[in-house]
Amino acid sequence: GSVMVSIRSMDTYEKAQFARAITESDYYPNVDRADFDGVTCYGAYNEDASLLAGVMLIISGKHAYLDYLYVLPAYRNLGHGVRLLDAVRTLLKNQQVRYVYASINGTNEVSGKLAARHRGQIGFPFMHVRIDLEENHG
């Protein structure tokens, strides 16, 4: 059966959960909840409100910077990261954002696929991507 996933903006408590999940992963150095003050974080949650994946966005005018794209280990390879990004793309377009910038570690399989799809590659394995939301990347 398919899992009902809801995608929403995180409140302060959910940002703290997200920061803790990232820190426990050892994927990033320590992330403090305060690191997410004043920025927007979106999460994908299942029916019992467990966090599946999250991402941080800094939005300014037509531009957005995306970072901390993170899928919890138990929920990887199920499409949650892609689904979250697709939802975020729609949310950003609705806010009149056109360009999304991301710095991506290409050794991460999902990130590598994402970057390749959006043709951004500088200094592998770290890639700086600029995605134009008005272009169709399939």
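This report covers the salt bridges of a predicted model and the exposure of their partners.

Local features need pLDDT of at least 70 and side-chain atom pairs count only at pLDDT 80 or more, while totals for chains, interfaces and linings use all residues. Residues are numbered from 1 along each chain as its sequence is written, and side-chain values use heavy atoms, with hydrogens and water left out.

The structure holds three salt bridges. The term means a side-chain nitrogen of Lys or Arg within 4 Å of a carboxyl oxygen of Asp or Glu. Side chains of opposite charge can pair when their charged atoms come close.

| Basic partner | Acidic partner | N to O distance |
|---|---|---|
| arginine 8 | glutamate 14 | 2.7 Å |
| arginine 33 | aspartate 37 | 2.8 Å |
| arginine 98 | glutamate 134 | 3.4 Å |

Exposure is graded by relative accessible area: buried is under 20%, exposed is over 50%, and partly exposed lies in between (1.4 Å probe, protein chains only).

Take arginine 8 and glutamate 14. Glutamate 14 is buried at 10%. Arginine 8 is partly exposed at 30%.

Next, arginine 33 and aspartate 37. Arginine 33 is partly exposed, with 31%. Aspartate 37 is also partly exposed, with 45%.

Last, arginine 98 and glutamate 134 meet at 3.4 Å, N to O. This pair links distant parts of the chain, 36 residues apart. Arginine 98 sits in the loop between helix 2 (80-94) and strand 5 (99-105). Glutamate 134 lies in the segment after strand 6 (126-132). Helices (H or I, at least four residues) and strands (E, at least two) are DSSP runs, numbered from the N terminus. Arginine 98 is partly exposed at 25%, whereas glutamate 134 is exposed at 56%.
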